[in-house]
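The following explanation is intended for a reader who meets this structure for the first time. It proceeds from the overall architecture to the packing of the helices, and then to individual residues.

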Amino acid sequence: MASDKGPSAVDPTLRRRIEPWEFEAIFDPRELRKEACLLYEIKWGTCHKIWRHSGKNTTKHVEVNFIEKITSERQFCSSISCSIIWFMSWSPCWECSKAITEFLHQRPKVTLVIYVARLYHHMDEQNRQGLRDLIKSGVTIQTMTTPEYDYCWRNFVNYPPGKEAYCPRYPPLWMNLYVLELHCIILSLPPCLMISRRYQKQLTWFRLSLQNCHYQKIPYHILLATGLIQFPVIWR
C-alpha cells in the first residue's frame, strides 16, 4: 500500500481524518465498544488518485451509510472499474452483508476488500453466514494486523507533527485470535473463540474451544500464531 506523507496545514484530506484517541480506542481489538468506524479509500479506473474518507454509525450502520452516500453522490459507469478498501472497527452484521452483496451485484465493476479489527457477534450463525456470502460474491475479508494499523494511522489519523511512527501497538495475540476465528467462519467450522466482558473491572476475557475439526482444517501456522496451542496433536 502506498502512503501519503502525513497531515499538514495544506493537506486536503485533513478534514477526513479521525483523531488519534478515536483511532486508538475504536480500533482496539480488545475493546468491545458500541461505536463503529469505517475508514475507506476509493480508486476509479486507471486514475492514480485515491479518495479517502471516514464514517461512523448513526441510526444506521456505517456500511449502509457508505452505500447510501456513494450511490447518491456518484454515477457508476459500466465501463469504469472502481476499487474500494474498507478498514472497519467491526465486521459487517448479516443485514449489512446482505446490503453490500446487493450493492456489488448491481455494480459488477466494483471490487471490495474489507479489513476488520473485530468480528461482530461472531457466535451468531446469521452473521457468520453473511460473511461467507460476502466472500462468495467476490469480497476479500481479512483481519487487521500491524501493517494495516500502521497504514490507517498514516493515512486516516490526524496524528501530531513528527508522530507518523507512533501508531498504537495492540497485543498480537488478539489479532491472531480474530484471524483464527475468521478462518473458522470461512471454512464453516464451529466457533472456537469465546469472548466475554467483565464490566466491573472493564476487562475483556477470552477462551479457546478447539475441536478436532479445527485442528484438521485450519492451517498449522494460524493455530500456532496464537501461542496458546502446542503440537504435536494426536489425531483420531
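**A guided reading of the model**

The secondary structure of this chain comprises eight helices and seven strands. The model is predicted. Of the chain's 236 residues, 44% count as buried. When contacts between residues at least 6 apart in sequence are considered, 68% of them join residues at least 24 apart.

The interior may be approached through its nonpolar cores. The largest nonpolar core holds 32 residues, and within this core I42, F66, I84, W86, L112 and I114 touch the most other members. At least two residues of this core come from each of the following elements: strand 1 (37-44), helix 2 (62-73), strand 3 (82-88), helix 3, strand 4 (110-116), helix 4 and helix 6 (172-186). Helix 6 gives the most, with five residues.

W86 illustrates how such a core residue is surrounded. Leaving aside residues up to four places away in sequence, W86 touches L38, L39, Y40, E63, F66, I100, L112, V113, I114 and Y115. There is also a second, separate core of 21 residues, which includes F23, F27, L39 and Y149.

The helices may now be taken in pairs, beginning with helix 2 and helix 3. These two helices pack at an angle of about 25°, and their axes are 9 Å apart. An angle under 35 degrees counts as roughly parallel, and helix 2 and helix 3 are therefore roughly parallel to each other. Their crossing is left-handed. Helix 2 contributes E63, V64, I67, I70 and T71 to the contact, while helix 3 contributes C96, A99, I100 and F103. By class, this contact of helix 2 with helix 3 has seven nonpolar residues, one polar and one charged.

Helix 3 also meets helix 4. The axes of helix 3 (residues 94-105) and helix 4 (residues 125-136) come within 8 Å and cross at roughly 20°. Helix 3 and helix 4 are therefore roughly parallel to each other. Helix 3 passes helix 4 in a left-handed crossing. On the side of helix 3 the contact is made by W94, S97, I100 and T101, and on the side of helix 4 by Q126, N127, G130, L131, D133 and L134. The residues of this contact of helix 3 with helix 4 divide into four nonpolar, five polar and one charged. I100 thus appears in the contact with helix 2 and in the contact with helix 4, and W86 touches I100.

How do helix 4 and helix 6 cross? Their axes come within 9 Å and cross at roughly 75°. Angles of 65 to 115 degrees count as roughly perpendicular, and helix 4 and helix 6 are therefore roughly perpendicular to each other. The contact joins R128, L131, R132 and I135 of helix 4 to E181, C184, I185 and I186 of helix 6. By class, the contact of helix 4 with helix 6 has five nonpolar residues, no polar ones and three charged ones.

Helix 5 (residues 146-156) is mostly covered, for eight of its 11 residues are buried. The buried residues of helix 5 are E148, Y149, D150, Y151, C152, W153, N155 and F156. Among them, Y149 is also a member of the second core.

Several loop residues complete the picture. S91 is found in the loop between strand 3 and helix 3. Is S91 buried or exposed? With a relative accessible area of 4%, S91 is buried, since the term applies to values under 20%. S91 and V116 are 25 residues apart in sequence, and their C-alpha atoms are 5.5 Å apart in space. Not counting residues up to four places away in sequence, S91 touches E63, V116, R118, L119, Y120 and L131.

Two other loop residues are notable for their backbone angles. Most residues other than glycine have a negative phi. H121, although it is not a glycine, has a positive phi of about 40°. H121 is placed in the loop between strand 4 and helix 4, and H121 is exposed, with a relative accessible area of 52%. For S188, likewise not a glycine, phi is positive and near 60°. S188 lies in the loop between helix 6 and strand 6 (193-198), and at 48% relative accessibility S188 counts as partly exposed.

Terms used. Residues are numbered from 1 along each chain as its sequence is written. This is a predicted model: local features need pLDDT of at least 70, side-chain atom pairs count only at pLDDT 80 or more; totals for chains, interfaces and linings use all residues. Side-chain values use heavy atoms; hydrogens and water are left out. Axes are lines fitted to C-alpha atoms, for helices over the stretch in contact, and angles run from 0 to 180 degrees between N-to-C directions. Helices (H or I, at least four residues) and strands (E, at least two) are DSSP runs, numbered from the N terminus. Angles under 35 degrees count as roughly parallel, over 145 as roughly antiparallel, 65 to 115 as roughly perpendicular and the rest as oblique. A crossing is left-handed if the near helix is turned anticlockwise from the far one by less than a right angle, and right-handed if clockwise. Contact means heavy atoms within 4.5 Å. Ala, Val, Leu, Ile, Met, Phe, Trp, Tyr, Cys and Pro count as nonpolar, Asp, Glu, Lys and Arg as charged, and the others, Gly among them, as polar. A nonpolar core is a set of buried Ala, Val, Leu, Ile, Met, Phe, Trp, Tyr and Cys residues joined through side-chain atoms within 4.5 Å. Buried means under 20% relative accessible area, exposed over 50%, partly exposed in between (1.4 Å probe, protein chains only).
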